[in-house]
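Please read the points below with the sequence and the coordinates open. They are numbered so that each can be answered separately.

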Amino acid sequence: MNNSYAGVCAMSTFLNSIVFNSKTEAKMSWNHLLNQLSFRGSVLHMEKLRLGVKKAIQKLRGHLVALSGGELLSHNMPDDFSEDMADTTYGASFLNSKWTQSHALLRALAAKESCTLLRESVSGTVEFNPVTGLQFLQAGETITKAFASLIQICSGQPMRTTEVIDQRIRNTERNRAFYKDHGEIVCITNYQKTSNNKGFDAYIPHLLPHELGELLQYYLIVIRPLETVIAHQLYGLEAARCYHFYLYVHQGKRMTAKLFRSLFTDFLEKDVDFQ
């Protein structure tokens, strides 16, 4: 035992000496004003980041308005609503509350004379137009891609890619990621790497900014139900299940890690000018 302990101490001393005596420059550093972050030769300006995030949120709101038929619809979710965050029942979510309206967006769009989402079939029944239905889903994907980048940047400690693409809006065999607490949207991730050592899971809360949380709530309550129905018609039951349980869906399937990394890189390069 003593020999083993001495060996560990010697190895630790050796590794520390390598670190402290290394001539390699730090990969990440702040300037003295703490308004610029340098990383491997690239510079991230905090002011550009703030402006980029603000513009992205404004653009996101515009996408929501366009997909809603020209104006945001009202919903009845109370401003101070809190759910039972300990509810682990399969399918549980604040989206199942009595205040959420069933397919309010479909009714609003169908009432417009310019609506092309629905059409009359040969037999005289009303059905979804597959062309405009696909366009609707593609517009929805633009919205969720924006949410993916903005939530990652604006909600505190960054999440691992695997955590992001696995985020649920309703409980499955694992708990959902998004909750309502005193009117605010909270994202809670589950850190499981050290569960076996500690004997319990660690939970990390991520509080969304109020404006971003309001937009996410609107999307999930108003737009996502219609997306789920259209996905069922175009892609089948498994695709509808993805839309019902998971936040990030692409072409009827869950978003991949490769796609998330790509869109997040695009956001940093195009919206924030971080090359």
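1. Surface patch. Met11, Phe14, Leu15 and Ile18 together make a nonpolar surface patch of about 400 Å². One of these residues, Phe14, belongs to helix H1, which covers residues 2-21. Phe14 has a relative accessibility of 49% and is classed as partly exposed, because exposed requires over 50%.

2. Confidence. This is a predicted model, and the remarks that follow should be taken with that in mind. The mean pLDDT of the chain is 88, and 93% of the residues reach at least 70. Helix H8 (residues 237-245) has the highest confidence, at 96, while helix H6 (residues 195-198) has the lowest, with a mean of 63. Where pLDDT is low, predicted coordinates should not be read in detail.

3. Salt bridge within H2. The structure holds 10 salt bridges. One of them pairs Arg50 with Glu47, with 2.8 Å between the closest N and O atoms. Both residues sit in helix H2 (residues 46-67), and the three residues that separate them amount to about one turn of the helix. Arg50 is partly exposed at 46% relative accessibility, and Glu47 is partly exposed at 43%.

4. Salt bridge between loops. Glu83 and Arg176 also form a salt bridge, and here the closest N and O atoms are 2.6 Å apart. Glu83 is in the loop between H2 and helix H3 (104-110), and Arg176 is in the loop between helix H5 (161-165) and strand E6 (178-181), so the pair ties together parts that are 93 residues apart in sequence. Glu83 is buried, with a relative accessibility of 14%. Arg176 is buried as well, at 2%. Both values fall under the 20% limit, and therefore each residue is counted as buried.

5. Salt bridge within H7, and a network. In helix H7 (residues 210-234), Arg224 and Glu227 are three residues apart, or about one helical turn. Their side chains meet in a salt bridge with an N to O distance of 3.2 Å. Arg224 and Glu227 are both buried. Elsewhere, Asp166, Arg168, Glu173, Arg174 and Arg254 are joined into one network by salt bridges that share partners.

6. Two residues that reach Thr116. Which backbone atom lies 2.7 Å from a polar atom of the Thr132 side chain? The backbone oxygen of Thr116 does. That oxygen of Thr116 also lies 3.5 Å from a polar atom of the side chain of Asn129. Thr132 is part of helix H4 (residues 130-154), whereas Asn129 is placed in the loop between strand E5 (126-128) and H4. Thr132 is buried at 13% relative accessible area, and Asn129 is buried at 16%. Beyond the neighbours within four places in sequence, Thr132 contacts Thr116 and Leu117. On the same basis, Asn129 contacts Thr116, Leu117, Leu118 and Arg119.

7. Tyr248. Is Tyr248 buried or exposed? Tyr248 is buried, with a relative accessible area of 1%. The residue is found in the loop between H8 and strand E9 (249-250). With neighbours within four places in sequence left aside, the contacts of Tyr248 include Thr144, Phe147, Ala148 and Ile151. Val164, Ile165 and Gln167 are also among them, as are Lys253, Arg254 and Met255. Tyr248 and Val164 are 84 residues apart in sequence, yet their C-alpha atoms are 8.3 Å apart in space. Arg254, a contact of Tyr248, is also a member of the salt-bridge network in point 5.

8. Ser74. Ser74 is in the loop between H2 and H3, and Glu83 of point 4 is in that loop too. Ser74 is exposed, with a relative accessible area of 62%, whereas Glu83 is buried at 14%. How far apart in space are Ser74 and Leu60, C-alpha to C-alpha? The distance is 17 Å, with their positions 14 residues apart in sequence.

Conventions:
Residues numbered from 1 in each chain as written. Predicted model: local features only at pLDDT ≥ 70, side-chain atom pairs only at ≥ 80, totals over all residues. Heavy atoms only, no water. Helix = DSSP H or I, 4+ residues; strand = E, 2+ residues; numbered from the N terminus. Buried < 20%, exposed > 50% of the residue type's maximum accessible area, 1.4 Å probe, protein only. Polar contact = N/O pair within 3.5 Å; in protein donor to acceptor, adjacent residues only side chain to side chain. Contact = heavy atoms within 4.5 Å. Patch = residues over 30% accessible without salt bridge, like charges linked within 9 Å, V, L, I, M, F, W, Y side chains within 5 Å. Areas by Shrake-Rupley, 256 points an atom, 1.4 Å probe, with all protein chains shown as cover. Salt bridge = Lys/Arg side-chain N within 4 Å of Asp/Glu carboxyl O. pLDDT = per-residue confidence, 0-100.
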